[in-house]
Amino acid sequence: MTSRLPPRGNVTTSYAHSEKKRDGSTVPATSPSVRARVRGAERSSMAPLRPLSRLPGLNSANVLLVESEEQFQQRLADRLVEETTFTVNVRLAKSLPLPVENEESRPRIDLVVFIINLTSELSLQSAEASVKCLDHRYFLGKVSFMVTNARNVAAPGERLDAVRKLAASLHCALLFAEDQTPDGVTNATERLLTILKVAAGLVPMTTALYLSNLTRGTALRDIDQPSFD
Amino acid sequence: MAATLSLTGPPDLDLSSASDLSVSSRSSNRSLRVAEKERKKKKAEDPFVLALKYFSDVEAGTPVNGNDEVERNMVLVEKLAYSKGLSPEAISIMLEFAMSLRMGTSLCARVLKCLIPATLVPQEAVVRAVVWLSVGKIPVSTQILFIKWVLTVFDMIDAKDQLRAVYGFIFNFVTEENLCPFICHLLYLLTRKESVRVFRVRKLLELQSRLGRQPFLLSLLSLYKVFCPEMVMLSIPSRIKSGFRNHNMPWKSALIAVQKGAGPHVAAGISPASTTIKTNPRKRKRCHLELPVMTSVVSKEAQTEPSSCGKVVPLVQLHSFAQLLENMHRIELPAQMGSLLGSSLALQYLDCVQDESALLRLNFWLGYALHEEFLFCGDRGASQNSQEALPFLDRLLSTQHFLQEGFSCSEAFLYKFLNVWDGSLLRPQILGLLSNIPVVPSAQIRQLLFEPLMQLFFTSSLFFKCGLMECLNNMLLKWLTWHSVYALEDDLDISLNSHTSINMTLSGFKDSVMELVDFVGRLASLGLQLEGCHSLLLSFVLDFYETVCDMFMKYGLPLVVMPPPGVFYPALFATDPVSVDRLAYIMHRYKVNFTSAKSQEELTKQAFHISRQMVREFNHYIIVMVNCLWNSKMFQLDMGLSLGEDLLLKSKVPQYWASFDLVHHPAFMSYAVDFHHRQNENKMVPASKRYTSNQCATS
């Protein structure tokens with residue numbers, strides 16, 4: 001009854017099979033030469049990221065971590081590539097849209113994770129702007145938000161509410177992470193892998209849309225004082 | 001009072017004593033004085049002592065701008081304050097200096113900001129400062145700063161009786177709008193039953209009509225109401241939004257630094273008979289998360305006098321249960337309610353007496369501590385956080401375990417914490433606290449509890465899923481136990497939180513339990529599917545259903561709920577024999593519960609209302625189980641999944657209808673192998689003793 005993923009055959013170091021690549025965040029050039037390289041007639045230079053434009057890899061998954069501060073994503077990526085039951089390829093970006101130059105070499109992205117630091121307003125604004133550059137088909141369970149510093153006193157309550165509203169309206173999972181301790185990073189990695197496995201189709205009988213229905217929240221959170229009168 | 005208290009150190013003594021002594025005795029004391037002078041000279045050379053002397057002696061009206069000496073001495077004092085904290089005498093001198101505005105208002109705020117105590121704050125200094133406050137020349141922002149400082153160091157003030165004596169004095173400040181929130185907070189900490197007077201209540205109500213239903217006014221009024229309910233006619237919501245805010249920002253980090261530097265203080269667990277640890281007050285340096293040591297309200301000097309009024313015994317003096325019983329009627333609770341959490345005697349007293357004001361204060365302190373540490377923490381290192389946090393939470397857990405119920409403030413805290421939890425921070429403690437929350441009304445349970453738990457459950461690892469299952473199982477057990485005791489007591493609510501308890505009817509309780517069982521059923525079915533029917537998760541799920549199946553027999557709750565198909569079928573077709581066996585046991589218990597419920601219904605003619613749907617489901621499950629395991633007639637009944645015969649034939653499994661009976665079931669493979677081993681052994685036995693083997697088809 002239990003289904004097991006086939007173990008990775010002849011494994012060398014994690015970096016040999018899994019890779020980390022940095023996608024730059026420069027504004028894509030609109031020069032004619034770039035546009036000519038792009039396949040498809042009406043592809044604009046600000047092409048949104050599409051989930052099904054490529055074939056999937058065997059026993060592997062690709063995740064894109066988007067964080068405007070570029071701090072937490074590095075540590076997460078280091079832990080993510082250590083996964084052994086399947087190959088994890090991590091791509092890092094500061095914001096979307098991704099530059100068109102890399103579009104040829106870019107594999108199919110199974111999961112896009114927006115990392116938001118609640119103590120900085122810029123982080124939230126950058127995430128909100130990047131969200132608009134994703135193809136709508138990603139929002140069927142292939143996008144999730146990860147929030148750090150939620151318990152910090154410096155983070156105003158309105159910002160957390162805004163993130164909650166954003167995640168709820170887009171039907172995305174909202175994860176909280178403790179980025180200060182190594183244990184917290186390990187836990188965040190595990191949670192990301194749980195979602196990534198489903199998004200990449202590696203869990204039988206479960207699709208990303210199915211999981212997103214289970215994990216999505218509502219925006220209303222009036223729990224400041226439950227009144228039992 | 002002000003004149004006779006000697007606050008300053010040796011330098012003053014020198015000047016005054018010389019003039020007091022008469023001529024005749026001067027010569028006899030000469031040698032003594034010479035020795036004294038030597039010692040004092042050495043001490044007086046210490047720059048800090050010199051600085052203190054300066055501040056105690058400086059004349060009023062000395063200019064501040066351009067005064068290098070003042071600047072130098074201020075810097076010295078500040079340096080010491082931030083490194084090791086100020087001694088009680090230094091605090092007295094500096095506070096007196098600041099609040100008397102001897103050198104103008106500019107220095108006052110600066111001094112207040114650096115008043116970090118090392119050990120204690122003498123209460124006389126605070127009382128004198130309050131007197132200065134009323135003189136009226138201090139600017140409002142500085143007044144606010146002073147009150148905030150008093151609130152921050154409140155736990156370090158050595159005794160509170162003098163402060164309580166000037167309660168009325170402090171109360172008068174409540175009319176100033178700027179000071180009102182802070183004064184209300186201070187009054188909340190100082191109020192006792194004697195302080196509640198009708199004119200004070202009237203004044204607060206008048207303020208409320210002017211300022212609106214402010215949370216600080218409501219909190220203070222609710223405390224008054226708890227002490228003297230007949231005086232406060234207002235209806236106050238049982239939980240007040242946000243209560244008092246935290247005021248210790250300018251001093252917090254410095255306080256922590258000083259206390260850390262002083263060395264960690266070992267906290268003891270709950271001791272069976274004795275009260276908390278008796279420590280030397282000099283060595284008592286506590287981390288801000290640690291439970292305070294229990295002290296009595298009255299200061300040590302006054303204790304030696306026989307107290308003629310009331311003969312009140314402070315709790316700290318009791319050491320055994322016998323003593324507690326003797327003095328039950330005249331026990332005085334300590335000023336710092338948090339210290340009760342460390343002592344089992346105190347908890348027993350609290351549970352028995354049900355003093356509402358004490359509970360209110362305890363909840364207030366506990367809620368404050370929990371919020372400070374886990375919800376609104378700053379950027380401190382997380383390892384430091386968990387070192388203090390773990391013992392604190394463990395202590396809270398053992399207290400709740402001792403009292404067999406939770407506190408309302410920890411419940412409120414948990415709901416907020418679950419919304420920002422990552423699932424692994426302090427997981428065992430948080431899950432333990434979660435299992436202690438009281439019954440949640442079914443209208444709110446989804447939003448408060450189920451939603452955040454669902455989000456965590458489906459994105460976390462297998463171990464979190466198992467941990468949460470166990471936590472929800474414990475929660476259900478506790479609710480059922482509470483119900484069975486509550487039902488026996490005939491409407492007497494015996495819980496600790498009786499003044500904020502929900503009036504729960506039997507049907508309301510049944511609704512909540514139904515919601516919880518349904519929720520766990522959903523989590524279990526989906527979790528098993530996502531984890532591929534992992535046997536560890538299955539075992540925790542079956543634990544839960546072992547509790548559920550006996551709800552009627554063991555706990556007297558007239559409710560029977562069947563497990564969903566997503567739990568039943570994975571257990572029936574599991575690959576380990578233990579799961580199948582436990583499922584069979586659970587089915588057996590369901591049958592016992594159903595039959596006894598039916599017989600009781602016939603006996604008492606009471607409408608039990610076992611849902612027909614449940615009985616049908618049970619019958620269906622039993623038929624499937626027996627067909628599968630015993631009759632070798634699998635797939636002949638609708639199992640929720642219909643497989644056509646041609647498809648089954650295509651699978652080329654020989655005799656597919658018998659593929660899950662007792663002989664062929666994959667879970668019992670080990671028993672089959674064992675049987676064959678024994679058969680082989682028996683073949684070695686001589687013919688006369690050969691077994692006649694049973695009718696077991698061996699394939």
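## A first look at a predicted two-chain model

A:R137 is partly exposed, with 38% of relative accessible area. Its side chain meets that of A:D135 in a salt bridge, with 3.0 Å from N to O. The partner, A:D135, is buried at a relative accessible area of 8%. Keep in mind as you read on that this is a predicted model.

### Chain A from end to end

How many helices and strands are there in chain A? The chain has 7 helices and 6 strands. If you walk along the sequence, you meet them in the pattern α-β-α-β-α-β-β-α-β-α-β-α-α. Chain A has 229 residues, and 53% of them are buried. Its accessible surface comes to about 11,000 Å², with 55% of that belonging to carbon and sulfur atoms.

Contacts also tell you how the chain folds back on itself. Among contacts in chain A that join residues at least 6 apart in sequence, 81% are between residues at least 24 apart.

One helix to find on your screen is helix 4 of chain A, which covers residues 121-131 and holds A:E121. A:E121 counts as partly exposed, at 37% relative accessibility. The C-alpha atoms of A:E121 and A:P156 are separated by 9.8 Å, while their positions lie 35 residues apart along the chain as a sequence separation.

### How confident is the prediction?

The mean pLDDT of chain A is 76, and 75% of its residues reach 70 or more. Over residues 24-45 of chain A, however, the pLDDT is below 50, and this stretch has 22 contacts in the model beyond near neighbours in sequence. Residues 224-229 of chain A also stay under 50, and for them the model has 18 contacts beyond four places in sequence. Where pLDDT is low, the predicted coordinates should not be read in detail.

### Nonpolar cores

Which residues have the most contacts inside the largest nonpolar core? They are A:L65, A:F145, A:M146, B:L434 and B:L449, in a core of 175 residues. Take A:F145 as your example. Leaving aside residues up to four places away in sequence, A:F145 touches several others, among them A:F114, A:I116, A:V131, A:L166 and A:L170. Its contacts also include A:C172, A:A173, A:L174 and A:L175. There is a second, separate core of 81 residues, which includes B:A98, B:I138, B:L145 and B:V166.

### Salt bridges

Side chains of opposite charge can pair when their charged atoms come close. Over all chains, the structure holds 16 salt bridges. Here are three of them.

| Salt bridge | N to O distance |
|---|---|
| A:R137 and A:D135 | 3.0 Å |
| B:E531 and B:K465 | 3.0 Å |
| B:R582 and B:D543 | 2.4 Å |

The pair B:E531 and B:K465 meets in a salt bridge of 3.0 Å. These partners link distant parts of the chain, 66 residues apart: B:E531 sits in the loop between helix 25 (506-530) and helix 26 (535-549) of chain B, and B:K465 in helix 24 (residues 462-488). Are these partners buried or partly exposed? B:E531 is partly exposed, with a relative accessible area of 24%, whereas B:K465 is buried, at 1%.

The side chains of B:R582 and B:D543 come to 2.4 Å, N to O. This pair also links distant parts of the chain, with B:R582 in helix 29 (residues 577-604) and B:D543 in helix 26 of chain B, 39 residues apart. B:R582 counts as buried because its relative accessibility is 14%, under the 20% limit. B:D543, with 29%, is partly exposed. Elsewhere, salt bridges that share partners join B:E71, B:E78 and B:R110 into one network.

### On the surface of chain B

What forms a nonpolar patch on the surface? The residues are B:V626, B:W630, B:L662 and B:V663, with about 390 Å² of accessible area together. B:L662 lies in the loop between helix 31 (645-650) and helix 32 (669-683) of chain B, and is partly exposed at a relative accessible area of 39%.

Finally, look at B:E69 in helix 5 (residues 68-83) of chain B. B:E69 is partly exposed, with a relative accessible area of 37%. The C-alpha atoms of B:E69 and B:Y54 are separated by 9.0 Å, and the two residues are 15 residues apart along the chain.

Note on methods. Residues are numbered from 1 along each chain as its sequence is written. Chains are lettered from A and ligands numbered from 1 in the order in which they are written. This is a predicted model: local features need pLDDT of at least 70, side-chain atom pairs count only at pLDDT 80 or more; totals for chains, interfaces and linings use all residues. Side-chain values use heavy atoms; hydrogens and water are left out. Patches are made of residues with over 30% relative accessible area and no salt bridge: like charges are joined within 9 Å, nonpolar side chains (Val, Leu, Ile, Met, Phe, Trp, Tyr) within 5 Å. Accessible areas come from the Shrake-Rupley method with a 1.4 Å probe; for residues, only the protein chains shown count as cover. A salt bridge is a side-chain nitrogen of Lys or Arg within 4 Å of a carboxyl oxygen of Asp or Glu. Helices (H or I, at least four residues) and strands (E, at least two) are DSSP runs, numbered from the N terminus. Buried means under 20% relative accessible area, exposed over 50%, partly exposed in between (1.4 Å probe, protein chains only). pLDDT is the predictor's confidence in each residue, from 0 to 100. Contact means heavy atoms within 4.5 Å. A nonpolar core is a set of buried Ala, Val, Leu, Ile, Met, Phe, Trp, Tyr and Cys residues joined through side-chain atoms within 4.5 Å.
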